[in-house]
Amino acid sequence: MSVEMYGYIGKIARINLTTKSVTEIPTSKYVPENIGGRGVCNRIFWDEMKPGIGALDPESMLIYMTGPTTATGIPTGGRSVFTGISPNSYPEMYVWSGIGGMVGNELKYAGWDGFILEGRSEEFVYILIDNNSIQFLDAEPLRGTFVHACQRKLSEIHGENSQSMVIGPAGENLMRNATITTSNDNVAAKSGFGAVFGSKNLKAITVKGHGDVTLYDIDKMFHLRQKMGSPYMRHNPLVHEKKHGMDGNEIEVEGGWTRGQVACSHACNQHCNRLMIGMKSAFNEDKINQVEKCVGIFAYGFKEDCSWTLVQNFETERNHFLACKMLSREEPEPDPEDPHFEHLFAKTTGDKVDYWKPDFDKGSVMMDMCNEYGIDKWDVIVWYFTWLSMAKKEGLLEGMDFGMEVDVENVEFVKHFMNMITYRQGKYGPVFAEGMARAIRTLGKEKFGDAIYKGRVSQVTGEQYDLPVSLESAWGQSYHWQGRGFEGSINKPGWVAVSLLQMNSSRDTQTVAHFHDDFENYLQYKDDPCRSPVIVDSVIMNENRAETKDSVTSCDWQSPDLYWPEMEAEMFSAATGLPMTEEQLNDAAWRSFLLFRSILIRDFGRTRELEVNEIFPTMQYPDSSGKTVEWDEWNDLVDLYYSRRGYDLQTGWPLRETYEKYGLADVADELTRQGKNIKNK
């Protein structure tokens, strides 16, 4: 059933946990038209799932795919993608979740491009993929184990060359924001897929492979390794740091700490994740090592209460930096001859929010518990504990018994609350284990979500600005680069663009679709972003690049490179030998995004009215400069976006001509059979 191809292996495993059966699907059924990764996942889900399935139902399908560059040596090509119905989104919807680590490469070495998980095992099991053999093994001895202990045990059983992705106690207990973790603490997060593993009675998947992946153009692969990310490829020594933070807003760390940098995936030449050595453990007196990403910086805190933007959204050819520059070992030297230099490097402070004082050890404990229990760090740091801080200061928690005094600056309370939600303990553990969006509604949204936190003061104007204690943006997700909360200083064009990205999605978009744009474009829409087709084109570019990155695969650290837009096409061709232009790859991204939107329309009732009303209220609270958007200007922006995307302006559904342009007439036909009025232009 498999077809030998460069870059791809040729087969996908359908794994049914109910019947303990495995069948093969030829990868050629889906590629190269859908590229790989998320593009293939979207097509499989559209073809095979039906409306009305809940995220934790046995019928819920979880799809995992690698990309054509995975395991080829092409930089960042080790990343892979899960898609399925999210228990963490509110309401439940189809989402994706990217993951790094080595497991995707090992899967291809074992002879598979991906797998589909369906059904539910009666017994508690883990899956062993050993080359072409796929077995269901007893996981009872692993029940309740922490993430790292589970990984170590599986390595002892199946050998150091095996790779595993596992869930911790949070996933076993169906915590809605539970993660799936693989090597170097790389996680599939934001989507709650750890709970989907748990609902299927699945603790882990371990992979051992002895095959190889045939790369088409080795010389091109070496060229890409030398060019991608340049000039960021540097020595990677261990460094003893005395402070923690960034950009002059660091905290002193008693005794210092030791940092290295590690890659998240096979063959990556960036090593952007921080290896933090000798950190405080949450569970005993032993020192631990942690691998942390950008969100950890908020857990440890800043010298001065800080919420300014960490991403440089707007770039010029002389000064364009990678998205997550906070993690680089050394900042590139800026070019002061750039005529836009002063504007690009201007520092803008955001809000004082007074959530908690910096505490390096407490931050380490918080991160350790997220790593070991398998919980989304963003939700824990930027939502659970900020909500607790604001709610207590506003007197909302009076009369509520959490089992001990609520104090987000007390490490013992941090441990207590994390145990409470992970193991569903006490009166409120089961409430918060459902995630913040559902917890707020269970407690009462008017009081516990819409109440205003009065401790937010703009450092731009000096005024106190309203901020809801919920920090909720859209689809059951918290603010992320939307000019409120921890990122209070991002300017209006930036947060307008990010809010549009969020409106069109089903979860937080900002782990793969950080908004990037050329500074020359910014100058065209900075004064009136809601009525500019230029910002709409930039949003669409970023959406399409997100689809591309999760399909080829690449990552935010490398992509999009605004001044090398052919990069991903070159990666694809080097891996597969198939001719690919930037325009052709962009068409594939349009196709993938159309499939994603069609799933939301068919299965989850997505309409213009639904999404506009979901996102608009979040922008009525002022940013740090006191700016908001009006109903008319936001709807003008949505009109522009829908027109550019080829959607009907009333329904928000793609027009038939749009489907036909990207080879998806069958999707339009199916939606019509489902009673959706897919209009002609």
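Trainee: Okay, I'm looking at helix α21; what covers its buried residues?
Mentor: Keep in mind that this is a predicted model. The buried residues of α21 include W634, L637 and Y641. The cover over α21's buried residues includes α15 (492-503), α17 (533-552), α19 (582-604), α20 (608-615) and α22 (656-661).

Trainee: How far does α21 reach from its first C-alpha to its last?
Mentor: Count the residues to begin with: α21 runs over 631-645, which makes 15 residues. At 1.5 Å a residue, the expected span is 21 Å. The reach in the model is close to that, at 21 Å.

Trainee: And just after α21, which residue takes a positive phi?
Mentor: Helix α21 covers residues 631-645, so look just past its end. The phi there is about 80°. The residue is G646.

Trainee: R645 is in α21 too; which side chain does it meet in a salt bridge?
Mentor: R645 is on the list of buried residues in α21, and its relative accessible area is 2%. The salt bridge it makes is 2.8 Å, N to O, and this pair links distant parts of the chain, with the partner in helix α17, 102 residues apart. That partner is buried as well, at a relative accessible area of 5%. The side chain you want is E543.

Trainee: What about E660 and R656, how many residues apart are they?
Mentor: Both lie in helix α22, and their side chains meet in a salt bridge of 4.0 Å, N to O. E660 is partly exposed at 44%, whereas R656 is buried at 16%. Their separation is about one turn of the helix, in other words four.

Trainee: Is D450 buried or exposed, or in between?
Mentor: D450 and K445 meet in a salt bridge of 2.7 Å, N to O. K445 has 33% relative accessibility, and D450 has 34%. Buried needs under 20% and exposed needs over 50%, so D450 counts as partly exposed.

Trainee: D338 is charged too, so which side chain of opposite charge is nearest to it?
Mentor: D338 is in the loop between β17 (314-315) and α8 (341-344). It's buried but has no salt bridge. The nearest opposite charge is 5.6 Å away, and a salt bridge needs the atoms within 4 Å. That nearest side chain belongs to R318.

Trainee: Then which side chain does D338 join in a polar contact?
Mentor: Leaving aside neighbours within four places in sequence, D338 is in contact with T316, R318, N319 and L344. The polar contact has a length of 2.3 Å. Its other partner is T316.

Trainee: Switching to rings, how are F45 and Y94 arranged as a pair: stacked, tilted or edge-to-face?
Mentor: The structure holds 39 aromatic pairs, and this is one of them. F45 and Y94 sit 4.2 Å apart, centre to centre, with 35° between the planes. Planes under 30 degrees apart would be stacked and over 60 edge-to-face, so this pair is tilted.

Trainee: Which parts does that pair tie together?
Mentor: F45 is buried, at 0% relative accessible area, and Y94 is buried too, at 1%. The two residues are 49 apart in sequence. The parts tied together are helix α1 (residues 37-48) and strand β5 (residues 93-99).

Trainee: W96 is in β5 as well; which residue forms an aromatic pair with it?
Mentor: This pair is edge-to-face, 6.1 Å centre to centre with 80° between the planes. It links distant parts of the chain, 500 residues apart, with the partner in helix α19. W96 and its partner are both buried. The partner is F596.

Trainee: Last one: which residue is joined to S559 by a cis peptide bond?
Mentor: There's a cis bond between V31 and P32 too, with omega of about 5°. For the bond from S559, omega is near 0°. The residue after it lies in the loop between α17 and α18 (567-576). It's P560.

Terms used
Residues are numbered from 1 along each chain as its sequence is written. This is a predicted model: local features need pLDDT of at least 70, side-chain atom pairs count only at pLDDT 80 or more; totals for chains, interfaces and linings use all residues. Side-chain values use heavy atoms; hydrogens and water are left out. Buried means under 20% relative accessible area, exposed over 50%, partly exposed in between (1.4 Å probe, protein chains only). Lys and Arg count as positive and Asp and Glu as negative; His and the chain ends are not counted. A polar contact is a pair of N or O atoms within 3.5 Å; within protein, one must be able to donate a hydrogen and the other to accept it, and residues adjacent in sequence count only if both atoms are side-chain atoms. Contact means heavy atoms within 4.5 Å. The expected span of a helix is 1.5 Å times one less than its number of residues. Rings of Phe, Tyr and Trp (its six-membered ring) pair if their centres lie within 6.5 Å; planes under 30 degrees apart count as stacked, over 60 as edge-to-face and the rest as tilted.
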